[in-house]
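Trainee: Could you take me through one part of this structure slowly? I'd like a close look at the salt bridges, and at whatever else helps me picture the side chains.

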Amino acid sequence: MKFLKRMELKNAKVDFQATGWVVEKDRPARFGALSRWFVNRVEGFGKNVASILERVYHKGENRVMVLTDYYQPKFQRVVNDNLVTALGRVGVGVHDDYKDTFTGFTKNGGRSWLYLVRGKEYFCREGHVLAVGTPTSLPAERSWYRHGPKLEDVLKFEKDQDAILIPSHPLSKFGFGVKAILLAIGEPSGTNLGLQENTIRKYADYFDALEDYSLSMDSKQTKRVQELARELKLSTVSNTDADLRSSFSTYNTFDLVDLTNPQKFRDSIRAGLKGEGNKHVEHRGEFVKSLRDKITHILLNVAQSREYF
């Protein structure tokens with residue numbers, strides 16, 4: 001069932017960074033059989049569109065979930081023509097006019113939707129940055145596995161595409177133990193993980209919002225980000241940054257998200273972030289902090305091979 005009409009979602013819940021672990025089941029793991037067992041056991045969902053719909057689609061709600069690519073093109077692997085066509089045969093409504101950027105699914109004739117939107121998290125040398133809502137990314141280089149791309153190169157490339165840009169888990173502060181882990185796993189940003197204050201100030205004009213909550217952050221970090229966002233007059237967003245079990249445990253509610261085409265999508269998101277007209281964003285939905293999910297998030301980073309993110 002094809003939907004070709006104007007696609008405006010009212011009261012849409014948006015998670016700008018979810019299902020980062022969507023990848024092939026048999027990919028290499030960092031420490032052999034034990035880590036492979038752990039990764040595959042944890043990742044019980046998200047191997048294809050059907051499993052994502054089963055887990056994340058919610059009748060009576062409009063949801064927009066950004067499938068985040070890291071180095072590997074997970075969005076294209078998950079949202080592919082064969083799987084989408086197969087869903088259409090079993091009565092799932094599909095809006096895929098712009099499938100290189102997003103695809104929408106409905107199980108009740110368009111009364112509620114789940115849109116999967118393409119995003120990219122760049123592990124820059126200075127820290128991580130999300131780019132959302134465009135069909136292409138800065139081509140990855142093998143050197144990025146150890147050192148990451150330069151932030152300025154990423155921002156200029158993505159700004160030219162009009163991507164929505166959000167620093168991921170910024171203003172991070174770690175003790176010796178966490179820094180040692182980051183260095184041990186070869187984190188491309190070194191011990192930064194998130195962009196630091198001087199870098200955010202330098203490039204503030206590029207950013208549409210700052211992430212002030214995710215499973216990678218604690219309450220003190222959230223407070224630091226909110227204070228800086230107020231000073232810079234930037235909006236804030238809350239994302240799960242996690243696997244499907246935690247998707248939409250926190251989210252951002254927009255009065256209107258227009259998915260008629262990619263440009264209208266980006267424009268409506270920016271309008272909501274700026275609070276223009278009747279479009280606004282609630283920075284808190286269900287605000288859940290799960291210790292289990294935080295630990296799982298860290299262990300997955302350690303266990304899986306960096307080259308297969």
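Mentor: Sure, and let's start with the term itself: a salt bridge is a side-chain nitrogen of Lys or Arg within 4 Å of a carboxyl oxygen of Asp or Glu. The idea behind it is simple: side chains of opposite charge can pair when their charged atoms come close. Keep in mind that we're looking at a predicted model.

Now take Arg201 and Glu231, whose side chains meet in a salt bridge with 2.9 Å from N to O. Arg201 belongs to helix H8 (residues 197-202) and Glu231 to helix H9 (residues 219-232), so this pair ties together parts that are 30 residues apart in sequence. How buried or exposed are the two partners? Arg201 has 33% relative accessibility, so it counts as partly exposed. Glu231 comes out at 48%, and therefore counts as partly exposed too.

That pair is one of eight salt bridges in the structure. Another one joins the side chains of Arg270 and Asp162, at 3.0 Å from N to O. Here the link is between distant parts of the chain: Arg270 is in helix H10 (residues 262-274), while Asp162 is in the loop between helix H6 (151-160) and strand S7 (164-167), and the two are 108 residues apart. Buried means under 20% relative accessible area, so Arg270, at 12%, is buried. Asp162, with 23% relative accessibility, counts as partly exposed.

Let's add Arg63 and Glu61, which meet through their side chains in a salt bridge of 2.8 Å, N to O. Arg63 has 12% relative accessibility, so it counts as buried. Glu61 has a relative accessible area of 18%, so it is buried as well.

Charged groups turn up in another setting too. The charged end of Lys120 sits over the ring of Tyr122, 5.5 Å from the ring's centre. Tyr122 also leads us to Val154: leaving aside neighbours within four places in sequence, Val154 is in contact with Tyr122, Cys124, Leu138 and Pro149. Val154 sits in helix H6, and its relative accessible area is 0%, so it is buried. If you want a distance to check on screen, Val154 and Ala131 are 9.1 Å apart, C-alpha to C-alpha, and 23 residues apart in sequence.

From one ring we can go on to ring pairs. The count of aromatic pairs comes to six. In one of them, Tyr98 and Phe102 form a tilted pair, with 6.1 Å centre to centre and 55° between the planes. The two rings' residues differ in how covered they are: Tyr98 is partly exposed because its relative accessibility is 31%, whereas Phe102 is buried because its value is 1%. Zoom out a little and you'll find both in one aromatic cluster, made up of Tyr98, Phe102, Trp113, Tyr115 and Phe265.

A last stop is a polar contact. The side chain of Thr236 makes one with the side chain of Asp212, at 3.2 Å. Thr236 is placed in strand S9 (residues 235-238), and its relative accessible area is 8%, so it is buried.

Definitions and conventions: Residues numbered from 1 in each chain as written. Predicted model: local features only at pLDDT ≥ 70, side-chain atom pairs only at ≥ 80, totals over all residues. Heavy atoms only, no water. Helix = DSSP H or I, 4+ residues; strand = E, 2+ residues; numbered from the N terminus. Buried < 20%, exposed > 50% of the residue type's maximum accessible area, 1.4 Å probe, protein only. Polar contact = N/O pair within 3.5 Å; in protein donor to acceptor, adjacent residues only side chain to side chain. Phe/Tyr/Trp six-rings, centres within 6.5 Å; stacked < 30°, edge-to-face > 60°. Lys NZ or Arg CZ within 6 Å of the ring centre and 35° of its normal. Contact = heavy atoms within 4.5 Å.
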